[in-house]
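Trainee: Could we go through this model together? I would like to know what stands behind each label we put on it.

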Amino acid sequence: MEFSLSGDQVRLRDEITAFAKKELTPGAADRDREEMFSRDLWLRCASHKLTGLMVPEEYGGRGLDALSATIALDALGYGCADGGLAF
């Protein structure tokens, strides 16, 4: 049985991890300390279709299968130090 990620899944994981580290993590400690939720960062997540991972593409989502969506969420949690956005 093969348990390796497909090329598409590796690219998805790497894309979301890089996005989260670059766009979502900076300032996370300050936002946490101030108990602030950034709507702007949430909208950036939406622009990357992270709020619609399994939503069909014709409705504006990514159209991912369950395993790929899990990989995407894992990558978001790994790359994003802002627990509010990752949750």
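Mentor: Gladly; we will take the labels in turn and set each value against its cut-off. Keep in mind that this is a predicted model.

Trainee: Let's begin with the overall fold. How many helices and strands are in the chain?

Mentor: The chain has five helices and zero strands, and along the sequence that reads as α-α-α-α-α. Its C-alpha atoms fill a box of roughly 45 × 30 × 15 Å along the principal axes. Of the 87 residues, 32% are buried.

Trainee: What makes Asp30 and Arg33 a salt bridge?

Mentor: The cut-off is a side-chain nitrogen of Lys or Arg within 4 Å of a carboxyl oxygen of Asp or Glu. Here the N to O distance is 2.4 Å, so the pair qualifies under the 4 Å limit. Both residues belong to helix 2 (residues 28-33), three residues apart, about one turn of the helix.

Trainee: Why is Asp30 called partly exposed, and why is Arg33 called exposed?

Mentor: Exposed means over 50% relative accessible area, buried means under 20%, and partly exposed is in between. Asp30 has 40%, so it is partly exposed. Arg33 has 60%, so it is exposed.

Trainee: And what about Arg31 and Asp82: how do you know that they form a salt bridge?

Mentor: Their closest N and O atoms are 2.9 Å apart, and this is within 4 Å, so the label holds. Arg31 lies in helix 2, while Asp82 lies in the loop between helix 4 (66-79) and helix 5 (83-86), so the pair ties together parts that are 51 residues apart in sequence.

Trainee: Are these two partners buried or exposed?

Mentor: Arg31 has a relative accessible area of 9% and Asp82 has 11%. Each value is under 20%, so Arg31 and Asp82 both count as buried.

Trainee: What makes Arg44 and Asp40 a salt bridge, and where do they lie?

Mentor: The closest N and O atoms are 3.0 Å apart, so the pair is within the 4 Å cut-off. Both residues sit in helix 3 (residues 39-47), four residues apart, about one turn of the helix. Arg44, at 30%, is partly exposed, and so is Asp40, at 44%. Through salt bridges that share partners, Glu23, Asp40 and Arg44 are joined into one network. In total the structure holds seven salt bridges.

Trainee: Now the aromatic side chains. Why is the pair of Phe37 and Trp42 called tilted?

Mentor: The structure holds one aromatic pair. Phe37 and Trp42 form it, with 6.2 Å centre to centre and 50 degrees between the planes. The centres are within 6.5 Å, so the rings pair; stacked needs under 30 degrees and edge-to-face over 60, so 50 degrees makes the pair tilted.

Trainee: What makes Phe37 partly exposed?

Mentor: Phe37 has 48% relative accessibility, which is not over 50%, so it counts as partly exposed. Trp42, with 34%, is partly exposed as well. Phe37 is in the loop between helix 2 and helix 3. Together with Leu43, Phe37 and Trp42 make a nonpolar surface patch of about 300 Å².

Trainee: Which residues have the most contacts inside the largest nonpolar core?

Mentor: They are Ile16, Leu24, Leu50 and Leu76, in a core of 16 residues. Helix 1 (7-24), helix 3 and helix 4 are the elements that give two or more residues to this core, and helix 1 gives the most, with five. Leaving out residues up to four places away in sequence, Leu50 touches Ile16, Phe19, Cys45 and Leu76.

Trainee: One last label: why is Met54 called exposed?

Mentor: Its relative accessibility is 51%, and exposed means over 50%, so Met54 counts as exposed. Met54 lies in the loop between helix 3 and helix 4. Apart from neighbours within four places in sequence, Met54 is in contact with Gly63, Leu64, Asp65, Ala66 and Ala69.

Key: Residues are numbered from 1 along each chain as its sequence is written. This is a predicted model: local features need pLDDT of at least 70, side-chain atom pairs count only at pLDDT 80 or more; totals for chains, interfaces and linings use all residues. Side-chain values use heavy atoms; hydrogens and water are left out. Buried means under 20% relative accessible area, exposed over 50%, partly exposed in between (1.4 Å probe, protein chains only). Contact means heavy atoms within 4.5 Å. Patches are made of residues with over 30% relative accessible area and no salt bridge: like charges are joined within 9 Å, nonpolar side chains (Val, Leu, Ile, Met, Phe, Trp, Tyr) within 5 Å. Accessible areas come from the Shrake-Rupley method with a 1.4 Å probe; for residues, only the protein chains shown count as cover. Rings of Phe, Tyr and Trp (its six-membered ring) pair if their centres lie within 6.5 Å; planes under 30 degrees apart count as stacked, over 60 as edge-to-face and the rest as tilted. A nonpolar core is a set of buried Ala, Val, Leu, Ile, Met, Phe, Trp, Tyr and Cys residues joined through side-chain atoms within 4.5 Å.
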